[in-house]
Amino acid sequence: MKVEAILRINGVAVPVEIEPHWSLLRAVRDAVGLTGAKEGCDDSECGACMMLLDGEPVNSCSYLALQAQDREITTVEGLAAPGELSDLQSSFLEHGAVQCGFCTPGMLISATALLRRTQDPSEEEVRIALAGNLCRCTGYGAIVDAVLATAAGRAADSVP
Amino acid sequence: MSASLATASTVEQALAQLAAGARPVAGGTDLVVGARQGKAPLPERLVAIHRLAELSEIRESSTEVALGALVSHRRCSESGTVRDRLTALADACAIVGSIATRTTGTLGGNLMNASPAMETGGPLLCFGASVTLRSAAGSRSLGIDELLAGPGRTTAASDELLEAVSVPLPPAGTGSCYARLEYRRQMEIAIAGATAVVTLANGEVTDARIAMTALSPAIGRAGEAEAALIGSGGEPDAIRRAAQALAAAASPISDVRASASYRRAMAVVIGRRAIEAALARARGEWVPVPASTALHGGVR
C-alpha cells in the first residue's frame, strides 16, 4: 500500500505517494519525474544512480526512499540552475568526458561531492572518489582530467 | 501482509518494532542490495534506525573506544584514535566498497550481516571487542567470537538490536594491520584477508593475535599462528611460520571469486603482509592507512 511522504529534492519539497519498499531512485524517477539519475545495475555496483544525501554520495538504487525524508536530496538536475551548467559540467564537455552519457550524472554527483570535500585533490583521490562509478565506454582518463581541471580552475579563480 | 517501514525516533520504539517482528535497516547497503540480488527478499516489515543519534556516537575513554552501531565506515576510518590505536580497524573500514558505501554503510550492519568476508570482523575480534545487544527485556554483552556464528548468522535473537561495539585500547608497543587480497583497488570484497595485532616489549613479541577473513565460515583467530610469533623477535622465519600456520588453519571455499586452493595459497602471502605491517607499526614505522593498497605495491 502506498504511503505519503515529502522528499526535499534540489531545494524543493515534493509530496509523493510511494510504496514503503521503493528505492530513492525509483521514487525520484517514477514519482517525482526527475530522470537524470539512471538505473544501471540496480545493485550498488555502477554508480549511475548516484545522488547526494545531505551533501554525501549515496547509491540511490539501494537506499530506501522513506529514509531520505527530512534530508536534502541533490540530483544531477540540481547541480546548476535550469539551462545553466556548473563549472564541473562545462569541464566535462570541454574534455570530451561524455561519451554515451549514461554514467555522466553519477560521475558528476560523485565528483561534486569530492570537490566540496577537497579543494585540491590528487589524481589518486579523484580516482578513489569515482571508484564507485563505472563508465562502460571506459572514458576514465577524460573524466579524471575534467575533474582535476575544475579544481585547478577554482584555485585560479580564488587567487586575489 | 503489505510492506511497511516505520522510522524509530527512540531506541525503545525500535525495540518494540523488533519484538513485533520488524527487521532493522540502517544504511541498507547490505539489506537492500541483497534483496535486489535475490539473496533474501526485503523483509515485509522494516524499522528504520538511521535517526537514532545515541547509536551514532564514538565515545572515547582512556581504556576503550565505544563505537555506536550507526557509526559509518568512513567516520570510523577517519577517527584519530582508531587510526592511531586501532589501526587495523581503520585499514578495514577504509577499504569497504566505495566512498558511497563507506558513507552510508554502518559498523553495526557490517557485523550483524556476518559475512565471512566482512572487513571489520577480523580487527574487532583481534582487539577483543564486545558488542552490546539490547532487547525490550534488557541488555547483554557478547564477545565478537560469541556473536559470529557462521555465514550470515549471528547468535543475536531477532528482537535484539546491536547498540554499540566496545573496543579496549591495546597496550603501548602494539601495532596492527588488516590486509586483504583484492583483484581491484576499490569496490572489492576480500578474496582472502588477514588481521595481525602484535605487542612488542624490548624487541620481543609479547602478544600476538591473528585472524583470517574469507578463509573460513566465520571470522576466526588462528592460535597456532599466534603461538609461532609470541616469544620471537618478529624475525622473517617466525613471520613465515606464523603465516603458514594461518593458512593451515583456514578452511576456504571455492566460489566465483577464487578456488579454495588459491585462497589457501594466498593466505600465506596476505598473512605475512599483515604481520610485517603490524610489526612495523609496533616499532613506530609509518605504514599508510589503508595498508592494503600500499602492501600490494610496497612491502614484499
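Me: Given that helices (H or I, at least four residues) and strands (E, at least two) are DSSP runs, numbered from the N terminus, where does B:Pro290 lie in chain B?

Reply: B:Pro290 lies in the loop between α12 (260–282) and α13 (291–297), and the peptide bond leading to B:Pro290 from B:Val289 is cis, with omega near 0°. This is a predicted model, in which local features need pLDDT of at least 70, side-chain atom pairs count only at pLDDT 80 or more, and totals for chains, interfaces and linings use all residues. Residues are numbered from 1 along each chain as its sequence is written, chains are lettered from A and ligands numbered from 1 in the order in which they are written, and side-chain values use heavy atoms, leaving out hydrogens and water.

Me: Why is A:Ser44 called buried?

Reply: Buried means under 20% relative accessible area, exposed over 50%, and partly exposed in between (1.4 Å probe, protein chains only); A:Ser44 has 14%, so it counts as buried. A:Ser44 belongs to the loop between α1 and β3 of chain A, and has a positive phi of about 65° although it is not a glycine.

Me: What makes B:Ala214 buried?

Reply: Its relative accessible area is 11%, and therefore B:Ala214 is buried. B:Ala214 sits in the loop between β13 (204–213) and β14 (220–221) of chain B, with a positive phi near 60°.

Me: Why is A:Leu93 called exposed, and A:Glu39 partly exposed?

Reply: A:Leu93, in helix α2 (residues 87–94) of chain A, is exposed because its relative accessible area is 57%. A:Glu39, in the loop between α1 (24–32) and β3 (50–53) of chain A, has 46% relative accessibility and so counts as partly exposed.
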